[in-house]
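Work through the exercises below with the sequence and the model open side by side, and try each task before reading its solution.

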Amino acid sequence: MNWLWISMLTRLLQPGAGDGQQTDEQLAVALRGQNPVVIHRADYASPGFTMVDLDKFDALIGQLEKRSYEAPRNAIIGDHGGIVAERLGYRLDKRLFTEKFYAYFYGTGAAAIEAPLAPVYPRVDRELLAEIKEKPIGQYATYYNSRNKNRSHNIRLAAQAINNTVIFPGETFSFNRIVGQRTKQKGYLEAPVIVRGELSEGIGGGICQVSSTLFNASDRAGLKIVKRYSHSRNVPYVRPGRDATVSWDGPDFAFQNQYNQPVLIRALAVPGKLYVSIYSSDVIEYKPRNVPGMTFGVLPEEAPATAEDLEWLP
């Protein structure tokens, strides 16, 4: 932070700096309507010198950054198909705050300030989204037993997590990174089921159906599959060899957008059916692949696992 030293030396050379004329020993920094942070001059002075302790000042910057940061929000396609506009985020303007802090510290600035903020722009605005939502380049649908409420709930949560994701040219989509860890705190439920006499899935049961449906949709779109792992046995919701198992601390599903246009994921879970589509702009030149679809009604019988099943089955 060389500019900090330059600012500090400039303040030291100003008339009145360090000559005992400082009167306000506290600086109140207002943070977007929150309780102000009160800073005591003595806490940030180097021992024996009328200088700012840079280590303490850096810690103060970090504290204010965390408290003042507001993440931007991308434009998305809403539940009714319309575009919901983006929203700016904000972060601490460190350079401007440093100038105000040094002015206070050396007795030439105000003793109460509003934390200066700089805008943080979203990656996806409404203009971009309007361009890439027009052309479907890959889609896939799978089916599930909607009577299994917990599993259906987990499928909806994971579908919502990937919905409206935009992957820019050259970027790689990671299912685990976008969906995050599947925990009870995030709303995921235990959904073990008995399928053909075998115990399948646990917390977040149903997630692999979402990743597998996304795999088939992205494969149809001709996107570059970077990571994909199959289950140890066939699963009922996709054709043999067309699944993509995922686990937070294990396998991931990932693909890369090698096209020169961004692509958009749209995912929707309705009772008994999961849709995943890949969209892009009208000018995209893509090479689709032939991927066999699924037919409704091919799912085997499944039933919720009982406590006794969980105790005795491995």
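**Exercise 1.** List what I278 touches, and then place this residue within the nonpolar interior.

Solution. Counting heavy atoms within 4.5 Å as a contact, and leaving out residues up to four places away in sequence, I278 touches K135, P136, I137, G138, L214, A217, S218, A221, L223, V263, L264 and I265. The model is a predicted one, in which local features need pLDDT of at least 70, side-chain atom pairs count only at pLDDT 80 or more, and totals for chains, interfaces and linings use all residues. Residues are numbered from 1 along each chain as its sequence is written, and side-chain values use heavy atoms, without hydrogens or water.

Next, take a nonpolar core as a set of buried Ala, Val, Leu, Ile, Met, Phe, Trp, Tyr and Cys residues joined through side-chain atoms within 4.5 Å, where buried means under 20% relative accessible area (1.4 Å probe, protein chains only). The largest such core has 40 residues, and I278 is among those with the most contacts inside it, together with I162, F175, L214 and I265. Helix 7 (207-220) and strand 16 (273-280) are among the elements that each supply at least two residues of this core, and helix 7 gives the largest share, six residues.

**Exercise 2.** Describe the surroundings of S68 in helix 2 (residues 54-68).

Solution. Begin with exposure: S68 has a relative accessible area of 1% and is therefore buried. Then look at its side chain, a polar atom of which lies 2.7 Å from the backbone oxygen of L64. Finally, beyond four places in sequence, S68 touches L31, R32, Y90, R91, L92 and L117.

Terms used
Buried means under 20% relative accessible area, exposed over 50%, partly exposed in between (1.4 Å probe, protein chains only). Helices (H or I, at least four residues) and strands (E, at least two) are DSSP runs, numbered from the N terminus. A polar contact is a pair of N or O atoms within 3.5 Å; within protein, one must be able to donate a hydrogen and the other to accept it, and residues adjacent in sequence count only if both atoms are side-chain atoms.
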